[in-house]
Amino acid sequence: MKMSLLKIPLILSSAIAVHVALTPPHAPSKSEVVHDTFNEWVIIQHVRYGLPIAKIVYWGVSLAEIALTVSRMTDPKTLPSVIQNTIGPFLPRIQDVPITRPFILGTALVATAGYLRWSCFRTLGRFFTFELAARKGHQLVTSGPYSVVRHPSYSAAILQYIGVVVLHGSATSWLRQSGVLDLPGVKPVLLVWLLERTVTVISLVRRINQEEEVVKSMFGDEWRRWAKVVRYRLIPGIY
């Protein structure tokens, strides 16, 4: 019982971290957006359409697992009718899964990455946009996480992607062990979600060169001095 209860805040923490990481803190005007490559067009479509869907799917999976956990601890007949009608018919086919090491590791990675993304949002303030943009009065920010690597928000995006794969894709995960993937439509939706996230992460990594060229053209020698001090793009000491 206690282990089951402990899962609920952990599940919520990963869902909140993903929500924060995928929610644009600011939106630039059309005139400020730089979108002269196909890769940037892909990212813009992801921001407009992919992010809202990705958050809905992740919240759906998280709330379904929480609902199942709660239902195992109570008499299903005492649950609200909407929950009974939604998950009641499927309860006999879905098994509860205990807390495992991959669950803890994946949750820790997702939550840490969410915090890092939030820290990047706060550090850059209104200059942080999901679209590649040159904003009015733009300044080169070199403090906080930007004093460690030049693209910490992308580092966080990659870290969170890995965390989600560990959390939900490991052999002992709830998705793979509970039987929920056997329910109609669940597996195709999650495969599309995973494909969308994979394409997005790859697009962000491919964007780095273009982004650095844009920032270099805006700040010149100031950027070059910063790049000499903060030598690595994503991973300190490696890349």
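User: How much space lies in the second largest pocket?

Analyst: A pocket is open to the outside, whereas a cavity is a space from which a 1.4 Å probe cannot get out. In this predicted model, the second largest pocket holds about 360 Å³ of space.

User: Which residues lie nearest the centre of that pocket?

Analyst: Its lining has 15 residues, and those nearest the centre are His168, Gly169, Leu175, Leu190 and Leu194. H2, H5, H6 and H7 each contribute at least two lining residues. The most come from H7, which gives 5 residues. By class, the lining of this pocket has 11 nonpolar, 2 polar and 2 charged residues.

User: Which secondary structure do these helix labels belong to?

Analyst: Helices are numbered from the N terminus. The chain has 8 helices and 0 strands, so the order of elements from the N terminus reads α-α-α-α-α-α-α-α.

User: How many cavities of 30 Å³ or more does the structure hold?

Analyst: There are 3 cavities of 30 Å³ or more. The largest of them contains about 600 Å³ of space. Its lining is made of 40 residues, with Leu124, Phe128, Thr129, Tyr154 and Glu211 closest to the centre.

User: Which helices supply the lining of the largest cavity, and what classes of residue does that lining have?

Analyst: At least two lining residues come from each of helix H2 (38-73), helix H4 (101-124), helix H5 (152-169), helix H7 (186-219) and helix H8 (221-229). H7 gives the most, with 10 residues. Sorted by class, the lining of the largest cavity has 25 nonpolar, 8 polar and 7 charged residues.

User: What volume does the second largest cavity have, and which residues line it?

Analyst: The volume of the second largest cavity is about 90 Å³. It is lined by 13 residues, and Glu65, Phe103, Leu167, Ser173 and Trp174 lie nearest its centre. Helix H1 (2-21) and H5 each supply at least two of the lining residues, with the largest share, 3 residues, coming from H1. The classes here are 6 nonpolar, 5 polar and 2 charged.

User: How should I read a nonpolar core, and which residues touch the most other members of the largest one?

Analyst: In soluble globular proteins, nonpolar side chains tend to be buried together. In this model the largest nonpolar core has 47 residues, and Tyr58, Phe128, Trp174 and Trp223 touch the most other members. H1, H2, H4, H5, helix H6 (174-177), H7 and H8 each provide at least two residues of this core. The largest share, 9 residues, is from H2.

Two of these names have already come up: Phe128 is among the residues closest to the centre of the largest cavity, and Trp174 is among those nearest the centre of the second largest cavity.

User: Which residues does Tyr58 touch?

Analyst: Leaving out residues up to four places away in sequence, Tyr58 touches Ser14, Ala15, Val18, Val164, Leu167, His168 and Trp193. Two of these also have a place in the linings: Leu167 lies near the centre of the second largest cavity, and His168 near the centre of the second largest pocket.

User: What share of the chain counts as buried, and what share of contacts is between residues 24 or more positions apart?

Analyst: A residue counts as buried when its relative accessible area is under 20%. Of the 239 residues in the chain, 46% are buried. For contacts with a separation of 6 or more, 80% join residues 24 or more positions apart.

User: How much accessible surface does the chain have?

Analyst: The total is about 12,900 Å², and 65% of that area belongs to carbon and sulfur atoms.

Note on methods. Residues are numbered from 1 along each chain as its sequence is written. This is a predicted model: local features need pLDDT of at least 70, side-chain atom pairs count only at pLDDT 80 or more; totals for chains, interfaces and linings use all residues. Side-chain values use heavy atoms; hydrogens and water are left out. On a 1 Å grid over the protein atoms alone, a cavity is a set of points where a 1.4 Å probe fits but cannot get out, and a pocket is an open set with protein on both sides within 12 Å along at least five of seven lines; lining residues have an atom within 4 Å of a point. Grid points are joined across faces, edges and corners, and a volume is the space filled by probe spheres set on the points. Helices (H or I, at least four residues) and strands (E, at least two) are DSSP runs, numbered from the N terminus. Ala, Val, Leu, Ile, Met, Phe, Trp, Tyr, Cys and Pro count as nonpolar, Asp, Glu, Lys and Arg as charged, and the others, Gly among them, as polar. A nonpolar core is a set of buried Ala, Val, Leu, Ile, Met, Phe, Trp, Tyr and Cys residues joined through side-chain atoms within 4.5 Å. Buried means under 20% relative accessible area, exposed over 50%, partly exposed in between (1.4 Å probe, protein chains only). Contact means heavy atoms within 4.5 Å. Accessible areas come from the Shrake-Rupley method with a 1.4 Å probe; for residues, only the protein chains shown count as cover.
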